[in-house]
Amino acid sequence: QVQVAESGGGHVQAGDSLMLSCAVSGYGASGYAMGWFRQAPGKEREFVAGVNWSADEIDYTESVKGRFTISRAKDTSYLQMNSLKPEDTAVYYCAADLRYALLALATPAQQEYLEVWGQGTLVNVSS
């Protein structure tokens with residue numbers, strides 16, 4: 001059974017940086033695409049960034065382009081978040097699935113079909 005484990009998160013000031021990590025484990029883990037999603041209070045969960053298994057396909061939601069960078073080293077995905085804003089405050093979830101086409105830019109309805117989810121980590125950005 002494939003699982004993901006997130007780390008990172010915390011409380012920072014606007015303009016600060018933070019890095020999230022997500023490790024995927026289990027049979028065939030290295031073949032899974034990985035992505036980050038976030039859910040702010042009172043809002044739907046939204047796609048943030050995704051990377052396919054070979055790290056040659058990467059996508060971002062528009063609001064984080066130029067500030068967030070997703071990378072991957074074998075079975076671990078990293079989300080480097082720079083120039084954080086209060087509106088980035090949310091619980092960030094790592095997800096994994098063999099289907100990058102499903103994971104990338106997944107809508108809330110599509111997210112229901114993603115195979116593996118982490119428990120989430122809170123990122124709180126104060127102004």
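# Briefing on a predicted model

Thirteen residues line the largest pocket, and Arg38, Ala40, Lys43, Glu46 and Glu87 are the ones nearest its centre. The model is predicted. Its secondary structure amounts to 2 helices and 11 strands, and 46% of the 127 residues count as buried. One disulfide is present, and the largest nonpolar core contains 29 residues.

**Largest pocket**

- The pocket holds about 160 Å³ of space.
- Its lining consists of 8 charged, 3 polar and 2 nonpolar residues.
- Among the residues nearest the pocket centre are Arg38, Lys43, Glu46 and Glu87.
- Empty space of this kind is found by rolling a probe the size of a water molecule over the atoms.

**Overall fold and dimensions**

- Read from the N terminus, the order of elements is β-β-β-β-β-β-β-β-β-α-α-β-β.
- The C-alpha trace spans about 40 × 30 × 25 Å along its principal axes.
- The radius of gyration is 13 Å, which agrees with the value near 14 Å for a compact globule of 127 residues.

**Nonpolar cores**

- Within the 29-residue core, the residues with the most contacts are Trp36, Val48, Phe68, Leu79, Met81 and Tyr92.
- Two or more residues of this core come from each of strand 3 (18–25), strand 4 (33–39), strand 5 (46–51), strand 7 (68–73), strand 8 (76–81), strand 9 (90–97) and strand 11 (121–126).
- A second core, separate from the largest one, has 10 residues, including Phe37, Ala95, Leu102 and Leu103.
- In soluble globular proteins, nonpolar side chains tend to be buried together.
- Leucine 102, one of the residues of the second core, sits in helix 1.
- The relative accessibility of leucine 102 is 17%, so this residue counts as buried, the cut-off being under 20%.
- From leucine 102 to leucine 114 the C-alpha distance is 7.5 Å, with their positions 12 residues apart in sequence.

**Disulfide**

- Cysteine 22 is joined to cysteine 94, with an S to S distance of 1.9 Å.
- The bond connects distant parts of the chain, since cysteine 22 belongs to strand 3 and cysteine 94 to strand 9, 72 residues apart.
- A disulfide is a covalent bond between the sulfur atoms of two cysteines.
- The torsion about the S-S bond is about -80°, and the disulfide is therefore left-handed.
- Cysteine 22 counts as buried because its relative accessibility is 0%.
- Cysteine 94 also has 0% relative accessibility and so counts as buried.

**Positive phi outside glycine**

- Most residues other than glycine have a negative phi.
- Lysine 74 has a positive phi, near 55°.
- The position of lysine 74 is the loop between strand 7 and strand 8.
- Lysine 74 has a relative accessible area of 67%, so it is exposed, the cut-off being over 50%.
- Leucine 105 is not a glycine either, and its phi is positive at about 60°.
- Leucine 105 lies in the loop between helix 1 (100–103) and helix 2 (108–111).
- With 48% relative accessibility, leucine 105 counts as partly exposed.

**Other loop positions**

- Serine 83 belongs to the loop between strand 8 and strand 9.
- The relative accessibility of serine 83 is 41%, so serine 83 counts as partly exposed.
- Serine 83 and glycine 66 are 17 residues apart along the chain, and their C-alpha atoms are 9.3 Å apart.
- Glycine 120 is in the loop between strand 10 (116–117) and strand 11.
- A relative accessible area of 27% makes glycine 120 partly exposed.
- The C-alpha atoms of glycine 120 and alanine 5 are separated by 8.9 Å in space, while the two residues are 115 residues apart in sequence.

Note on methods. Residues are numbered from 1 along each chain as its sequence is written. This is a predicted model: local features need pLDDT of at least 70, side-chain atom pairs count only at pLDDT 80 or more; totals for chains, interfaces and linings use all residues. Side-chain values use heavy atoms; hydrogens and water are left out. A nonpolar core is a set of buried Ala, Val, Leu, Ile, Met, Phe, Trp, Tyr and Cys residues joined through side-chain atoms within 4.5 Å. Buried means under 20% relative accessible area, exposed over 50%, partly exposed in between (1.4 Å probe, protein chains only). Helices (H or I, at least four residues) and strands (E, at least two) are DSSP runs, numbered from the N terminus. A disulfide is a pair of cysteine sulfur atoms within 2.5 Å. On a 1 Å grid over the protein atoms alone, a cavity is a set of points where a 1.4 Å probe fits but cannot get out, and a pocket is an open set with protein on both sides within 12 Å along at least five of seven lines; lining residues have an atom within 4 Å of a point. Grid points are joined across faces, edges and corners, and a volume is the space filled by probe spheres set on the points. Ala, Val, Leu, Ile, Met, Phe, Trp, Tyr, Cys and Pro count as nonpolar, Asp, Glu, Lys and Arg as charged, and the others, Gly among them, as polar. The radius of gyration is taken over C-alpha atoms; the globule rule is 2.2 Å times the number of residues to the power 0.38.
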